[in-house]
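Work through these exercises with the model open beside you. Try each task before you read its solution.

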Amino acid sequence: MKHSHGPKFFLAVALALTLALKLLLYREPAPADDDVLGKTVAAFLLQHGFESRLDKRVDGVFIHANAGKCRMLISEAVPQGWNRSSIELWAKSVGRLTYVFDGAVHVNAPFLVPMLDEYWTRVRIKMGISPNRHPILAVAASDDCAVEALPWWKLVVRS
């Protein structure tokens, strides 16, 4: 019985080509830039009558915003939920906590759609496309704030 080496050879060549392409085209996605996020959110809030300042910390950037009696503290929440407990702790000193994702305000932190969006963003970055980011913003606000009234859908964060 005679065995053909054609299929084995084809698989070996295909494997070598895919590995070579991966090595040539692989680009590590750039980490989310806290400065860009902070400045974008601060500019958005300024357009809507808020004074804001950025506070860079080890665990990210925090945006302090004030307009009249309204006080807000905003930071990014990761889709995986790793920083959810720390967010809930610092939010207690400000007021009620809501989450903003892709223009919508949520009472609870959204999970599945932001997670899928983050992975899809990573894929697009690896392909060389520079997509807009859709961060989850944790917004702690005093009782005098109408977080839901802000046009969050206009907030665009560039990668």
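Helices and strands here are DSSP runs, with at least four residues for a helix and at least two for a strand, numbered from the N terminus. By that rule, Gly 38 is found in helix α2. Keep in mind that this is a predicted model.

**Exercise 1. Get the overall layout**

Task: Find how many helices and strands the protein chain has, and in what order they run.

Solution.
- Step 1. Count the elements. The protein chain has 4 helices and 8 strands.
- Step 2. Read them from the N terminus. The order is α-α-β-β-β-α-β-β-α-β-β-β.
- Step 3. Check burial. Of the 159 residues in the protein chain, 37% are buried.
- Step 4. Look at the contacts between residues at least 6 apart in sequence. Of these, 60% join residues at least 24 apart.

**Exercise 2. Two residues of helix α2**

Task: Decide whether Gly 38 and Leu 45 are buried or exposed, then list what each one touches.

Solution.
- Step 1. Recall the cut-off: buried means under 20% relative accessible area.
- Step 2. Apply it to Gly 38. Its relative accessible area is 0%, so Gly 38 is buried.
- Step 3. List its contacts. Setting aside residues up to four places away in sequence, Gly 38 touches Leu 54, Val 61 and Ile 63.
- Step 4. Compare sequence with space. Gly 38 and Gly 60 are 22 residues apart in sequence, and their C-alpha atoms are 9.3 Å apart.
- Step 5. Move to Leu 45, also found in helix α2 (residues 34–47). Its relative accessibility is 0%, so Leu 45 counts as buried.
- Step 6. List its contacts. Beyond neighbours within four places in sequence, Leu 45 is in contact with Phe 50, Ile 63, Ala 65, Met 72, Ile 74, Leu 150 and Trp 152.
- Step 7. Repeat the distance check. Leu 45 and Asn 66 are 21 residues apart in sequence and 9.2 Å apart in space, C-alpha to C-alpha.

**Exercise 3. A hairpin**

Task: Work out how β1 and β2 are joined and in which sense they pair.

Solution.
- Step 1. Find the strands. β1 covers residues 51–57 and β2 covers residues 60–67.
- Step 2. Find the link. A hairpin of 2 residues joins β1 to β2.
- Step 3. Read the pairing. It is antiparallel, over 7 bridges.
- Step 4. Pick out one facing pair. Arg 57 stands opposite Gly 60 in β2.

**Exercise 4. Strand β7 and its partners**

Task: Explain why β7 is described as largely enclosed, and name strands that pair with β7.

Solution.
- Step 1. Count the buried residues. In β7 (residues 136–141), 6 of the 6 residues are buried, so the strand is largely enclosed by the rest of the structure.
- Step 2. Check one side. Ile 136, Ala 138 and Ala 140 are buried there.
- Step 3. Check the other. Leu 137, Val 139 and Ala 141 are buried too, so both faces are covered.
- Step 4. Take β3. It pairs with β7 in the antiparallel sense over 6 bridges. Met 72 stands opposite Ala 141.
- Step 5. Take β4 (residues 96–101). It also pairs with β7 in the antiparallel sense over 6 bridges. Leu 97 stands opposite Ala 140.

**Exercise 5. Around Glu 76**

Task: Trace which residues Glu 76 touches, and find its polar contact.

Solution.
- Step 1. Place the residue. Glu 76 lies in strand β3 (residues 70–77).
- Step 2. List the contacts beyond four places in sequence. They are Asp 34, Leu 37, Asn 83, Ile 87, Arg 133, Pro 135 and Ile 136.
- Step 3. Find the polar contact between side chains. Glu 76 makes one with Arg 133, at 2.5 Å.
- Step 4. Turn to Asn 83, in the loop between β3 and α3 (84–92). Its side chain reaches the backbone oxygen of Glu 76 at 3.0 Å.
- Step 5. Judge its burial. At 18% relative accessible area, Asn 83 is buried.

**Exercise 6. The second largest pocket**

Task: Describe the lining of the second largest pocket.

Solution.
- Step 1. Note the volume, about 170 Å³.
- Step 2. Go to the centre. Of the 14 lining residues, the closest are Asp 102, Gly 103, Arg 133, His 134 and Leu 155.
- Step 3. Sort the lining. It has 9 nonpolar, 3 polar and 2 charged residues.
- Step 4. Look at Asp 102, in the loop between β4 and β5 (104–106). Its relative accessible area is 53%, so Asp 102 is exposed.

Notes
Residues numbered from 1 in each chain as written. Predicted model: local features only at pLDDT ≥ 70, side-chain atom pairs only at ≥ 80, totals over all residues. Heavy atoms only, no water. Polar contact = N/O pair within 3.5 Å; in protein donor to acceptor, adjacent residues only side chain to side chain. Contact = heavy atoms within 4.5 Å. Buried < 20%, exposed > 50% of the residue type's maximum accessible area, 1.4 Å probe, protein only. Pairing = 2+ DSSP bridges. 1 Å grid on protein atoms, 1.4 Å probe; cavity = no way out; pocket = protein on both sides within 12 Å on 5 of 7 lines; lining within 4 Å. Points joined across faces, edges and corners; volume = space filled by probe spheres on them. Nonpolar A, V, L, I, M, F, W, Y, C, P; charged D, E, K, R; others polar.
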